[in-house]
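Reader: I am new to reading structures, and I would like to look closely at one part of this one. Could you take me slowly through how its strands are joined to one another?

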Amino acid sequence: MANIVVLTTLYSKNDTIFLEKNSHGSIIMGAKLSGAKIRLFEENDTNNLEKLIKNDKSKNKLIVTCGVFSMSGKITNLPDIVKLAKRYNCMTMLDDAHAFGVIGENGLGTVEYHNLKSSDIDIHVGTLSKSLSGSGGYICAKKEIIKYLRITSLPYILSASISPVIIAGVTKSLEIIKQNGQKLSNSLIEKQRFFKKELLKNNIQAIGDSAIVVIPIGDTEKTLKISKFLHQNRIYANGIIPPGVRRGQERIRFNITLTHSFDNLKYTIDIIKKGFKL
Ligand SMILES: Cc1ncc(COP(=O)(O)O)c(C=O)c1O
């Protein structure tokens, strides 16, 4: 909803929105609903992005990126995006759903990870449903932008506010991240690295540089078969098939959390190995 609010309220048919091809569905839906021209580029392909921007004649241009790509677990090349935005006078929007509370020295997300300043990005969007353990989302930007969204955005005006129970939980989570972010994100990344390394050691392809680890499968039937086997063995990993990804890009996605023990991860790897032999 946060993505839809920003994109449909600030952009319309004479504008251009530049998006990565594997952007989260809520970004794609917001861009489509805005009526703006959509230009797609591959994850982190900033050379292609630059060509697209150069050839675009719209006055208002927006580059949207995810801090951590939800379908690959890779981290965006934000410094290059910021440079391009400055060079070609584009606005920038960062969806830090999978990055906030996970990457960066203190777990503060992609801007911290890349040693940038918050003000290098025009609009910060994120969810309260991942590292913050609640539900709902947030938008951070200059006061004038936020004021404009509050007054004019129908998806925002027509939805009930987040309940106090959720706010209390999220406030507590923020407090914990503020106090212990560095320790928590280091220990999460340590677990992620262990999991990925063990998979690779067992000749199972694995990608991802954040809490997300993805095993590419490339076939719908095989993805469903392995993910069903994982579920039967008490491992809740998402089998991702079209339309979640393009055909041939099917994959299984694991989200490592702080509550997973190293034994949990070893057990999971054993089950994955068995799943691949089915
Ligand atoms: C990049 C990105 N943005 C937004 C969302 C939406 O999150 P939620 O609906 O949990 O608030 C997700 C969910 O996975 C996501 O990956």
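Author: In this predicted model, a good place to begin is Ile240, which stands opposite Arg251 in strand E9. That pair belongs to the contact between strand E8, residues 238-240, and E9, where 3 bridges join the two strands and the direction is antiparallel. E9 has another partner in strand E7, residues 212-216, and here 5 bridges hold the antiparallel pair together, with Val213 standing opposite Phe254 of E9. Strand E9 itself, which covers residues 251-255, is mostly covered, since 4 of its 5 residues are buried.

To set this part beside another, consider the open sheet of 6 strands, whose order is E2-E1-E3-E4-E5-E6 and whose pairing is mixed. Strand E2 (37-41) and strand E6 (137-140) stand at its edges, and because each has a single partner strand, one side of each is left without a neighbour in the sheet. Neighbouring strands of this sheet are turned against each other by 20° on average, when direction is ignored. Strand E1, residues 16-20, pairs with E2 in the parallel sense over 5 bridges, and the bridge partner of Glu20 in E2 is Phe41. Helix H1, residues 2-10, packs on the sheet by touching E1, strand E4 (91-95), strand E5 (123-127) and E6, and its direction makes about 40° with that of E6. Helix H4, residues 78-87, also packs on the sheet, touching strand E3 (61-66) and E4, and the direction of H4 makes about 175° with that of E3.

Key: Residues numbered from 1 in each chain as written. Predicted model: local features only at pLDDT ≥ 70, side-chain atom pairs only at ≥ 80, totals over all residues. Pairing = 2+ DSSP bridges. Axes fitted to C-alpha atoms, helices over the stretch in contact; angles between N-to-C directions. Contact = placed C-beta atoms within 7 Å. Buried ≥ 20, exposed ≤ 12 C-beta atoms within 10 Å, placed from the backbone.
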